[in-house]
Amino acid sequence: MQVVKEYVQKWYESGLDPEEFICHGKDGNLVDIEDAATGDRRTVLTFCTNDVLGLTQNPAVQQAAIDSILQYGTSNSSCSVLSGRIDLHRQLENEISEFKHLEHTQLFLNAWMALQALMDAFCHLAIPVPGFQHTRETIIFTDVLNHGCIVSAISNAGTRSGKLFGHSPRVRVRAYRHCDMDDLARKMKRYVRPDDRIMVISDAVFSMDGDIAPLPEMIDIMSHYEGSVLVMDEAHASGALGATGRGIYEHFGLLPQHAIERGVIPLIMTTFSKFAASAGAAISSHVAELKPLLNVSPTSIGTISLPPPTTAAALESIRQVRQTPELVGRLHENTRYLRSRLTDLGFDAIGETNVVPVLLPPEINPKEFGQKIMNDYGIWISPIWFIAKPRMRITVNARHTREELDRLVAGMVGTRDALLCKQTLTA
């Protein structure tokens with residue numbers, strides 16, 4: 001334990017530790033927060049929530065969660081395959097399947113568990129079956145900037161969950177350069193063997209860079225490998241991409257059927273923490289046989305099913321998105337406006353989505369920037385200072401007003417100029 005204490009002390013001294021704020025209440029994009037270190041409280045304008053369509057405070061969504069508690073209780077207290085499946089699960093699965101144009105959907109408590117279940121199902125066929133011998137190796141191709149839940153799942157893909165020693169065929173993993181389709185094509189040509197089962201997995205929108213995976217080119221490349229599986233993690237794409245928020249396929253004017261017709265098997269992971277005002281995740285496919293394999297993975301059968309209030313909130317949120325596509329339109333309009341203003345004022349706002357990472361001048365520490373813009377302007381944005389390119393990570397939502405966006409821009413300019421001036425004076 002002494003080593004742990006010494007490490008944490010050095011961590012804190014280095015300034016790498018994140019600041020902690022505790023929320024006491026919300027009113028639209030105004031949040032009452034407490035600084036956990038000092039106990040100070042203030043109301044700030046937030047640009048670091050992933051509630052991209054503003055549905056966490058939607059009355060219909062809130063009432064759906066309340067009603068579900070009154071009908072089912074706060075928890076199902078069991079996994080789906082035993083006694084934990086409720087009708088809300090079936091309704092949510094059907095709603096997602098219609099939303100994503102893939103007939104079969106399986107729910108999970110979160111994205112990390114969903115992707116681990118997918119690795120169990122795809123690489124190891126979930127559980128041993130008498131009389132069936134699984135002999136084909138799996139090769140997985142992954143974008144180098146994929147989210148941590150993908151990285152974790154593929155890192156553990158070699159052994160089935162819940163087993164210290166696996167007996168399935170080997171799983172090989174190869175990374176390709178970020179959104180570089182020439183590199184993906186080269187690596188598939190180099191590493192795929194004749195009998196391999198092939199998976200390519202990618203974020204649809206990359207959470208730290210705000211850019212979009214080149215889906216049409218991915219399908220073109222994979223069409224040369226019939227039966228290959230394309231997994232799109234739509235955590236930041238659902239509700240944000242496409243005219244009606246259906247995600248990356250709609251963004252490019254495609255349906256998953258397009259991939260199927262090209263010999264590629266599309267899988268989509270939908271998460272509920274961003275656009276659907278809830279928690280949890282789902283994997284959708286047109287292959288009916290995948291669903292029971294997902295259902296018996298340890299990350300499904302070994303834990304409780306999605307609780308009633310989170311299920312109901314996600315279900316009603318998706319219905320709200322389908323009924324009011326103008327929410328998505330407002331999100332797109334806000335995103336275009338903010339990106340244009342920041343660019344015009346000399347900020348390096350990378351990407352193209354409502355996730356707006358701003359690369360600061362190298363002499364400015366994002367953590368200091370985040371502290372100053374909160375203290376001086378009452379604006380809360382996320383500083384990311386412990387990766388290769390430190391940045392401020394802004395997330396735009398559909399409920400931001402033009403006045404709030406202008407207030408952010410003014411705060412960004414004032415904070416940048418003040419910190420650059422400080423650097424000049426101390427140089």
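This is a short tour of one structure, stop by stop, for use in a viewer. The model is predicted.

**Stop 1: the four-stranded sheet**

Start with strands 1, 2, 3 and 13. These four strands form an open sheet in the order 1-2-3-13, with mixed pairing. Look at the edges next. Strand 1 (21-27) and strand 13 stand there, each with a single partner strand, so one side of each has no neighbour in the sheet.

Select strand 1 together with strand 2. The two run antiparallel and are joined by six bridges. To find your place, pick Lys 26, which stands opposite Val 31 in strand 2.

Move on to strand 2 (residues 30-35) and strand 3 (residues 41-46). This pair is antiparallel too, with five bridges. Select Asp 32 and look across: its bridge partner in strand 3 is Thr 43. Now follow the chain round the turn. Strand 2 and strand 3 make a hairpin with five residues between them. Stop at Gly 39 in that turn, where phi is positive, about 85°.

Finish the sheet with strand 13 (residues 379-380). Strand 13 pairs with strand 3 in the parallel sense, over two bridges. Thr 46 has Trp 380 of strand 13 as its bridge partner.

While the strands are on screen, show their side chains. In a regular strand, side chains alternate between the two faces of the sheet.

**Stop 2: the largest pocket**

Select residues 382 to 386. Ser 382, Pro 383, Ile 384, Trp 385 and Phe 386 are the closest to the centre of the largest pocket, out of 36 residues that line the pocket. The space inside is about 810 Å³.

Colour the lining by element. Strand 2, from the sheet you have just left, supplies at least two residues, as do helix 15 (366-377), strand 14 (382-384) and strand 15. Which element gives the largest share of the lining? Helix 15 does, with five residues.

Now colour the lining by residue class. You will find 16 nonpolar residues, eight polar and 12 charged.

**Stop 3: salt bridges**

The structure holds 24 salt bridges. Three are worth a selection each.

Begin with Arg 391 and Asp 209. Their side chains meet in a salt bridge at 3.1 Å, N to O. This pair links distant parts of the chain, 182 residues apart: Arg 391 lies in strand 15 (residues 391-395), and Asp 209 in the loop between strand 7 and helix 8 (215-222). Are these two residues buried or exposed? Both Arg 391 and Asp 209 are buried.

Next, select Arg 172 and Asp 196. Their closest N and O atoms are 2.7 Å apart, in a salt bridge. Arg 172 belongs to strand 6 (residues 171-176), while Asp 196 sits in the loop between helix 7 (181-191) and strand 7 (197-203), 24 residues away in the chain. Both residues are buried. Add Glu 137, Arg 170 and Arg 193 to the selection. With Arg 172 and Asp 196, they are linked in a network of salt bridges.

Then go to Arg 319 and Glu 95, a salt bridge with an N to O distance of 3.5 Å. Here helix 13 (residues 308-323) supplies Arg 319 and helix 4 (residues 87-100) supplies Glu 95, with the two positions 224 residues apart. Check how much of each is covered. Arg 319 counts as partly exposed because its relative accessibility is 27%. Glu 95 has 12%, so Glu 95 counts as buried.

**Stop 4: around Val 231**

Select Val 231 in strand 8 (residues 229-233). Its relative accessible area is 2%, so Val 231 is buried. Show its contacts beyond four places in sequence: Leu 118, Met 199, Val 200, Ile 201, Ser 202 and Leu 267. Draw a distance to Val 200. The C-alpha atoms are 6.2 Å apart, though the two residues are 31 apart in sequence.

**Stop 5: the cavity**

Last, look for enclosed space. One cavity of 30 Å³ or more is found in the whole structure. The volume of the largest cavity is about 30 Å³. Select its lining: His 104, Thr 105, Gln 106, Ile 283, Ser 285, Val 287, Leu 290, Lys 291 and Leu 294. Strand 4 (104-108), strand 10 (281-285) and helix 11 (290-295) each give at least two of these residues. By class, the lining has four nonpolar residues, four polar and one charged.

Definitions and conventions:
Residues are numbered from 1 along each chain as its sequence is written. This is a predicted model: local features need pLDDT of at least 70, side-chain atom pairs count only at pLDDT 80 or more; totals for chains, interfaces and linings use all residues. Side-chain values use heavy atoms; hydrogens and water are left out. Two strands pair if DSSP finds at least two bridges between them. A salt bridge is a side-chain nitrogen of Lys or Arg within 4 Å of a carboxyl oxygen of Asp or Glu. Buried means under 20% relative accessible area, exposed over 50%, partly exposed in between (1.4 Å probe, protein chains only). On a 1 Å grid over the protein atoms alone, a cavity is a set of points where a 1.4 Å probe fits but cannot get out, and a pocket is an open set with protein on both sides within 12 Å along at least five of seven lines; lining residues have an atom within 4 Å of a point. Grid points are joined across faces, edges and corners, and a volume is the space filled by probe spheres set on the points. Ala, Val, Leu, Ile, Met, Phe, Trp, Tyr, Cys and Pro count as nonpolar, Asp, Glu, Lys and Arg as charged, and the others, Gly among them, as polar. Contact means heavy atoms within 4.5 Å.
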